[in-house]
Amino acid sequence: MDRAICGNFYYGGKFDYLEVIVSDGKIAGIKKDAGNVPKTNYDGAILPAATDIHVHFRTPGETEKEDFGSGSLSAIYGGTTYVMDMPNNRFPITDYNAFGDKLGSIDSTSFADFSLYSMETGKNAMLLDRRSIGLKVYLGGSTNSTGTEVIEEGDIRKINEMNYPVVFHGESERCLKTHQMEEKNLRDHNLARPIDCEIEAAKYVSGLDIKTKIMAHVSSPDVTGNFLREVTPHHLLLNDEMPLGSFGKVNPPLRDSRTQKRLLDDYISGKFDILSSDHAPHTEDDKREFEFAKSGIIGVETRVPLFLALAQKKIVPLDVLYRTAIENPPSIFGIKKGKIEIGYDADFMVIDFTSMKRINDNRLHSKFPVSPFNGMDAIFPSHVIMRGNVVIDRYEDISDPMGVFIPKPQKE
């Protein structure tokens, strides 16, 4: 049965009263008056719900850190109804058997819609599951991965034939080996994985003849090239001078405050394409001793709320947040989410811009919710709607897991 969601929607770059008709989970009409259909009115501002193309929910193999249930629940609390999960599981997703096993282990546990990446090792493109939303290449070693220094020509041809977007962990393995050192603090970690390693990787990626290339988690404005650029809240808002200890340890590292502020200025100016969380949870034991601590920061729940607060403070233009966290991420991958257009999924978040609160990591929903953003201002959505169904109502989840798997769109 058709019905309408009514309120002040962010549409055409401004807020305007609309009545959006929903049918079978899709937007079927956009009107000032939807006529004689059941209507639900929402106070506040209504935006399309967000997409996070870069999460690590740890299913399967490391569910003591996180699983798809807790990770996706965190996502919807933060206004994100669609996530793309990375392939560096304990047993990396490097062929179709591993992909199928991972998809089966998630089963019906996800609160958010989701897609899965496969890992490209430089010479395994023929073995990858065609349902993969894209490919991840680790040019430098990181959690559960080793560096891939060269992608073979045959694999590049297959990547283009299948039209896979490719996300690069942009740190050169050769450069990382050169700078290895004992690490006692965030400054040491920065020096051990310097910006030069990202710049070297960027030069390699720029020269690759691949249609859609994304440089992940860019940590410096000096990392530029012939690719789309993804940035994270932690590189935009945190730096190696803050007393975060091992809970600020991440790859690429947090940089000095000057670099961080320059990066934020570039984001504010609209120079980035994607804002992702790179949500990468670990247990407290994993983070106990800095030198041996695992790299990774949680953030899928706080990504959008942090930047809604910055938009309310007039620090970040709302249109920049909309473009990088809502519209661009699904569009780049050919998924019809993130826009108020007929035929797109009816995914929305309702925002009360007067409800700014400080993040309390005891109230976050990750399994180990120690957040480096604890105490920072944020605006969480009061309601979240996914495919026409209310999943967050008055700041609380009210639904069972109803996320669906979204495979890579196939060529028509």
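**Salt bridges, backbone geometry and helix packing**

R262 is partly exposed, its relative accessible area being 27%; here buried stands for under 20% relative accessible area, exposed for over 50%, and partly exposed for values in between (1.4 Å probe, protein chains only). The structure is a predicted model, in which local features need pLDDT of at least 70 and side-chain atom pairs count only at pLDDT 80 or more, while totals for chains, interfaces and linings use all residues. Residues are numbered from 1 along each chain as its sequence is written, and side-chain values use heavy atoms, with hydrogens and water left out.

The side chain of R262 forms a salt bridge with that of D222, at 2.9 Å from N to O (a salt bridge is a side-chain nitrogen of Lys or Arg within 4 Å of a carboxyl oxygen of Asp or Glu). This contact links distant parts of the chain, 40 residues apart: R262 belongs to helix α8 (residues 257-268), and D222 to the loop between β11 (213-215) and β12 (228-231). Helices (H or I, at least four residues) and strands (E, at least two) are DSSP runs numbered from the N terminus. D222 is also partly exposed, at 41% relative accessibility.

Across the whole structure, 28 salt bridges are found. In one of these, R90 and E62 meet through their side chains at 3.7 Å, N to O. The two residues are 28 positions apart, with R90 in the loop between β6 (80-85) and α2 (96-106) and E62 in the loop between β5 (50-55) and α1 (68-77). R90 is partly exposed, with a relative accessible area of 41%, whereas E62 is buried at 6%.

A further salt bridge joins K337 to D113, with 2.9 Å between the closest N and O atoms. Here the separation along the chain is 224 residues: K337 lies in the loop between α10 and β14 (348-351), and D113 in strand β7 (residues 113-116). Both K337 and D113 are buried. K337 and D113 also belong to a network of salt bridges that includes K26, D345, D347 and R387.

The residue after R387, G388, is placed in the loop between β17 (383-386) and β18 (389-393). G388 is buried, with a relative accessible area of 3%. Its C-alpha atom is 4.8 Å from that of G25, although the two glycines are 363 residues apart along the chain.

The loop between β5 and α1, which holds P60, contains a cis peptide bond from T59 to P60, with omega near -5°. R58 lies in the loop between β5 and α1 as well. Phi of R58 is positive, near 70°, in a residue other than glycine, and R58 is buried at 3% relative accessible area. A cis peptide bond also joins N251 to P252, with omega about -10°; P252 is located in the loop between α7 (233-237) and α8. H217, in the loop between β11 and β12, has a positive phi of about 30° although it is not a glycine. At 1% relative accessibility, H217 is buried.

Helices α9 (residues 303-312) and α10 (residues 318-332) pack with their axes 9 Å apart, at an angle of about 160°. Helix α9 is therefore roughly antiparallel to α10 (under 35 degrees counts as roughly parallel, over 145 as roughly antiparallel, 65 to 115 as roughly perpendicular and the rest as oblique). The axes are lines fitted to C-alpha atoms, for helices over the stretch in contact, with angles running from 0 to 180 degrees between N-to-C directions.
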